[in-house]
Amino acid sequence: MTGELSPIDKAKFVAAKRSVDYVEDGMRVGLGTGSTAAWMVRCLGELVRDDGLKIKGVPTSTRTAELAREVGIEVISLDEAKWLDLTIDGADEFDANLNLIKGGGGALLQEKIVATASDQMIVIADVGKEVETLGAFPLPIEVIPFGWETTKSLVEEMLISMDVLGRDATLRMNGDRPFVTDEGNYILDLHLGRIGKANQLAMVLNQMPGVVENGLFIDICDVVIVGYGDGRVETRDINEGTVEEDRLDFLESENLFTDLQD
Ligand code: 5RP
């Protein structure tokens, strides 16, 4: 089964596999959304089933909640958990300061709430997500459906005074209808090319009426685990200022891949 994985999927898998080493018995864990986070949820499920790991998971989307239940993780709401020990999630881009663009999967609002309510946020990503400057990946912002076209125009106008290269905003679609988030909102993808002052942009966006949240995660992530297609993983801890290198053996995980085929 592992032979069928692309190098990017292998990179995502090894990052996810390494991240579950941070999860301990009794923890309340925020469960991210996306393909990398899905690997992490499966790895955690394996530990719950096979090793009796006892955790409670707070999912960041209905998709993740379904998968978590499927693999045997006890799911609770954020309000039940109140505070989390750890959140593990993917990202669309990360820079050297571990600032992120998230929301490619449309779950940025719940992801940001959950990550912010955690002692620690760990991002798991393939090395292709690393950038010098954020912004090549279109920045998702979640907007209220009411008056979204007006909000879009106002956002584009506001971008004139920001340190960005482009300022086109597009409504995210799901087939011929707008994509609707778990909270019933729309997503605008901002094609900025390069974001010079991410902190400033994040603050200005969130002051605009109609904008619920933006996909810039500034000073939220503590650790990035970077996966490579050959099984190498690099763990970068921004607080400790450390970088650890490791290599994961795919063979150890054959049960997991067999499970996936069921
Ligand atoms: C979802 C996200 C994801 O974490 C991000 O899009 C990365 O996804 P993937 O792991 O599939 O590359 O922010 O809203």
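**Why buried, why paired, why in contact?**

Student: T181 lies in the loop between β11 (177-178) and β12. What makes a stretch a strand here?

Tutor: Strands are DSSP runs of E with at least two residues, helices are runs of H or I with at least four, and both are numbered from the N terminus. This is a predicted model, in which local features need pLDDT of at least 70 and side-chain atom pairs count only at pLDDT 80 or more, while totals for chains, interfaces and linings use all residues. Residues are numbered from 1 along each chain as its sequence is written, and side-chain values use heavy atoms, leaving out hydrogens and water.

Student: Why is T181 called buried?

Tutor: Buried means under 20% relative accessible area, exposed over 50%, and partly exposed in between (1.4 Å probe, protein chains only). T181 has 7% relative accessibility, so T181 counts as buried. T181 touches G106, E142 and I187, leaving aside residues up to four places away in sequence; contact means heavy atoms within 4.5 Å.

Student: Which of the two loop residues K82 and L98 is buried, and which is exposed?

Tutor: K82, in the loop between α4 (78-81) and β4 (86-89), has a relative accessible area of 65%, so K82 is exposed. L98, between β5 (93-94) and β6 (100-101), has 3%, so L98 is buried. Phi of K82 is near 70°, a positive value in a non-glycine residue, and L98 has a positive phi of about 65° without being a glycine.

Student: How do you know that β8 pairs with β12?

Tutor: Two strands pair if DSSP finds at least two bridges between them. β8 and β12 (residues 186-191) have 5 bridges, in the antiparallel sense, with P140 opposite D189. β8 also pairs antiparallel with β13 (residues 211-214) over 3 bridges, and there E142 stands opposite E213.

Student: What covers the two faces of β8, buried or exposed residues?

Tutor: In a regular strand, side chains alternate between the two faces of the sheet. L139, I141 and V143 on one side and P140 and E142 on the other are all buried.

Student: What makes the E111 pair with the ligand a polar contact?

Tutor: A polar contact is a pair of N or O atoms within 3.5 Å; within protein, one must be able to donate a hydrogen and the other to accept it, and residues adjacent in sequence count only if both atoms are side-chain atoms. A polar side-chain atom of E111 lies 3.1 Å from a ligand oxygen. A backbone N or O atom of A107 lies 3.2 Å from an oxygen atom of the ligand.
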